[in-house]
Amino acid sequence: MIMHYTVNTIPVGVLGASGYAGREICALVARHPRFSLAFATANEQRGQRVRVGGREITFGAPDDARLEDAEIVFSALPHGASLTWVDRAAAAGARVVDLSSDLRPGNGGVASNARAGVPYGMPELGAATRRAIRGATIVANPGCYPTSILLALAPLQAAGLVAPGATVVANSASGVSGAGNSPKRELLFAEVADDYRAYGVGNTHRHLHEMRATLRALGTDADLIFTPHLLPVARGILSTITVPLVKELAEPLEPFRLAYAGEPFIELADEQPTLHDVAHRNVVRISATMIAGTRQPTLLVTSAIDNLMKGAAGQAVQNANLMCGIDECAGLPA
């Protein structure tokens, strides 16, 4: 269904709008001061009418989407299925934010080799990254776990504080919306309620490719051990990360203050962050403290994000704002 928009707004389209991230994007677009929804597609739910962001929309079939009507297209399609539609949207003249893993660093294959110039959409990694996003036709939106972990590690690596050859251990707990909205027995309420479990153990989670490649690009030779856990909540990620350092830090948050000065979506906290602190907000909340009783100086960094906001839809809109040359914070709850 084509939505109405005015000459003063930027028309955007959402592919895969029926998923959690896709619906979150539609809600953000509905409240955005500069964006208007040109179309929202779904496959199995095509033709259904839903209410998001205080507005009613009808999901159209993907093949019926008029890609040429959109200046920005968000592809919230499944991993492996997104790239074809990214190419179609770009060929139609749209700029594209891809929320799948298809174009993220470290994922290998023809896609990564053919799209070496596609920037990784994590603006807080530095001025060069932000410039690349602003000038991009296609941006690879980061994954939720990598957002919570990489933004907790980048300032330490930039300051040369991570011990050479270190083993960094990241344990992350996520709400069930991170697994998508396809019916799965193990995600039924009776299966997750009153329980807490690890999965993807043994360093097998698919997001490791993305994190390792980004950490290498940042210049670290550290090993990363990543273990995700499933929380019996709808949304949010809390990551606790232990980082061996080259020296003790009298002010553990100082590297983060230096790296993230002026960043609108980074919050530094003396107290431990919680999921309630970040729910429905496009922010990363970070705390850091030295760990007592270890032979090597070791820092504990805790980060919290809303996996559907800063971990997906909010970050996608943040990238689209940059690509359109408008206020990076436009339409985003901070």
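**Exercise 1. Get to know helix 5.**
Work out how many of the residues of helix 5 are buried, and then describe its length and its bend.

*Solution.* Start with cover: 14 of the 15 residues in helix 5 are buried, which makes the helix mostly covered. Here "buried" is under 20% relative accessible area, "exposed" is over 50%, and "partly exposed" is in between, with a 1.4 Å probe and protein chains only. Helices (H or I, at least four residues) and strands (E, at least two) are DSSP runs, numbered from the N terminus.

A quick word on the model: it's predicted, so local features need pLDDT of at least 70 and side-chain atom pairs count only at pLDDT 80 or more, while totals for chains, interfaces and linings use all residues. Residues are numbered from 1 along each chain as its sequence is written, and side-chain values use heavy atoms, with hydrogens and water left out.

Next, length. Helix 5 covers residues 144-158, and from first C-alpha to last it reaches 22 Å, close to the 21 Å expected at 1.5 Å a residue. That expected span is 1.5 Å times one less than the number of residues.

Now the bend. Look at L150: a kink of about 30° is centred there. The bend at a residue is the angle between axes fitted to the seven residues ending there and the seven starting there. Finally, go just past the helix and you meet G160, with a positive phi near 70°.

**Exercise 2. Find the cavity.**
Which residues line the largest cavity?

*Solution.* First, the search. Over the whole structure, 1 cavity of 30 Å³ or more turns up. On a 1 Å grid over the protein atoms alone, a cavity is a set of points where a 1.4 Å probe fits but cannot get out, and a pocket is an open set with protein on both sides within 12 Å along at least five of seven lines; lining residues have an atom within 4 Å of a point.

Then the volume, which is about 60 Å³ for the largest cavity. Grid points are joined across faces, edges and corners, and a volume is the space filled by probe spheres set on the points.

Now read off the lining: L153, Q157, V162, V168, L215, T220 and A222. Sorted by class, that's 5 nonpolar, 2 polar and no charged residues. For the classes, Ala, Val, Leu, Ile, Met, Phe, Trp, Tyr, Cys and Pro count as nonpolar, Asp, Glu, Lys and Arg as charged, and the others, Gly among them, as polar.

**Exercise 3. Do the same for a pocket.**
Which helix gives the largest share of the lining of the second largest pocket?

*Solution.* The second largest pocket holds about 180 Å³ of space. Its lining is P105, Y120, L125, T129, A213, T214, A217 and L218. Helix 7 (residues 207-218) supplies the largest share, 4 residues. By class, the lining of this pocket has 6 nonpolar, 2 polar and no charged residues.

**Exercise 4. Walk across a sheet.**
What is the order of the strands in the open sheet of 7 strands, and which strands stand at the edges?

*Solution.* The order is 9-10-8-11-14-13-12, with mixed pairing. Strand 9 (197-198) and strand 12 (266-268) are at the edges; each has a single partner strand, so one side of each lacks a neighbour in the sheet. Two strands pair if DSSP finds at least two bridges between them.

Now step through some pairs:

- Strand 8 (residues 167-174) and strand 11 (residues 237-244) are antiparallel, over 6 bridges; S174 stands opposite I237.
- Strand 11 and strand 14 are antiparallel too, over 8 bridges, and T240 stands opposite T302.
- Strand 13 (residues 284-290) and strand 14 (residues 298-305) run antiparallel, joined by 6 bridges. S287 stands opposite T302, and R285 opposite A304.
- Strand 12 and strand 13 are parallel, over 3 bridges, with E267 opposite R285.

Strand 13 is mostly covered, with 6 of its 7 residues buried.

**Exercise 5. Spot the positive phi.**
Where is N203 found, and where is H280?

*Solution.* Begin with the background: most residues other than glycine have a negative phi. N203 has a positive phi of about 60° although it isn't a glycine, and it's in the loop between strand 9 and helix 7. N203 is partly exposed, at 24% relative accessible area.

H280 has a positive phi near 65° and sits in the loop between helix 9 (275-278) and strand 13. H280 is partly exposed, at 48%.
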